[in-house]
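Please open the model in your viewer and keep the selection tool at hand, since this tour moves from one selection to the next and says at each stop what is to be found there.

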Amino acid sequence: MTIVGGGDAVNVIPAEVWCRCDLRLVPECTMEEALADIRAVIGDGFDIEVLKYDQGSRGVDLKLYDSFADAIRKADPEGCPIPFVLQAVTDARFMARIGIQTYGFTPMDLPQDYDFTSLSHNANERVPVKALEFGAETIYQYIAHSYKECF
């Protein structure tokens, strides 16, 4: 969410303006780099105050990517696994603090005309039930295959 404000009358130039932003940093981007990017856009004549910052993972670990991709291909031979970064946030940042690698493995078989990026993390966020069923079954099969000795 971004909120911009300033002044208290529409016909007066405000003495100050402010902006509150919720930054979502991509993996391996530091807060210092993000602030430098913001300063490159707005210039140096502004104060920036970071009110809260939960550092995420310091590195990208894709060791399990190939096995996740295989699970998707087994569930849908025409499937095309694609790693991507979503404009959302998870609790993974808290796990990273104690050295636990997390993955956002969310297999979904979405219809061709489904606009995932515009619907995700919005007020009317949703996915089709069939996509959810596909994902649940794919994850179950992945776990059952990877950890046979537990079943």
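**A loop residue to begin with**

Select Thr30, which is buried because its relative accessible area is 17%, a value under the 20% that marks the limit for buried residues. Bear in mind from this stop onward that the model is a predicted one. Thr30 belongs to the loop that runs between β2 (17–21) and α1 (31–42). If you display its surroundings and set aside residues up to four places away in sequence, Thr30 touches Leu25 and Arg58.

**The crossing of two helices**

Next, select residues 65–75, which form helix α2, together with residues 129–146, which form helix α5; the two pack at an angle of about 120°, and their axes are 10 Å apart. With that angle, α2 and α5 are therefore oblique to each other, since the range taken as roughly perpendicular ends at 115 degrees and roughly antiparallel applies only over 145. The crossing in which α2 passes α5 is right-handed. To see the contact itself, show the side chains of Ser67, Phe68, Ala71, Ile72, Lys74 and Ala75 on α2, and those of Phe134, Thr138, Tyr142 and His145 on α5. Coloured by character, the residues of this contact between α2 and α5 separate into six nonpolar, three polar and one charged.

**Thr138 and the nonpolar core**

Stay with α5 and select Thr138, a residue of that helix. Is Thr138 buried or exposed? Thr138 is buried, because its relative accessible area is 4%, against a limit of under 20%. Not counting residues up to four places away in sequence, Thr138 touches Ala71, Ile72, Ala75, Phe105 and Pro107.

From there, extend the selection to Phe68, Ala71, Ile72, Phe105 and Tyr142, the five residues of the largest nonpolar core. Helix α2 supplies the largest share of this core, namely three residues. Centre the view on Phe105 and, leaving aside its neighbours within four places in sequence, you will find Phe105 in contact with Phe68, Ala71, Ile72, Thr138 and Ile139.

**Three exposed residues**

Now turn to Asp66, whose place is in helix α2. Asp66 is exposed because its relative accessible area is 55%, and the term applies over 50%. Draw a line from its C-alpha atom to that of Asp44: the two residues are 22 residues apart along the chain, and these atoms are separated by 44 Å.

Move on to Asp91, which is found in the loop between α2 and α3. Asp91 counts as exposed because its relative accessibility is 53%. Add Asp54 to the selection: Asp91 and Asp54 are 37 residues apart in sequence, while from C-alpha to C-alpha they are 9.9 Å apart in space.

The last stop is Arg97, in helix α3 (residues 92–97). How does Arg97 stand in accessibility, buried or exposed? With a relative accessible area of 53%, Arg97 is exposed. Select Gly56 as its partner for a final distance: Arg97 and Gly56 are 41 residues apart in sequence, and their C-alpha atoms are 7.5 Å apart in space.

Key:
Residues numbered from 1 in each chain as written. Predicted model: local features only at pLDDT ≥ 70, side-chain atom pairs only at ≥ 80, totals over all residues. Heavy atoms only, no water. Axes fitted to C-alpha atoms, helices over the stretch in contact; angles between N-to-C directions. Helix = DSSP H or I, 4+ residues; strand = E, 2+ residues; numbered from the N terminus. Parallel < 35°, antiparallel > 145°, perpendicular 65-115°, else oblique. Left-handed = near helix turned anticlockwise from the far one by under 90°. Contact = heavy atoms within 4.5 Å. Nonpolar A, V, L, I, M, F, W, Y, C, P; charged D, E, K, R; others polar. Buried < 20%, exposed > 50% of the residue type's maximum accessible area, 1.4 Å probe, protein only. Core = buried A, V, L, I, M, F, W, Y, C linked by side-chain atoms within 4.5 Å.
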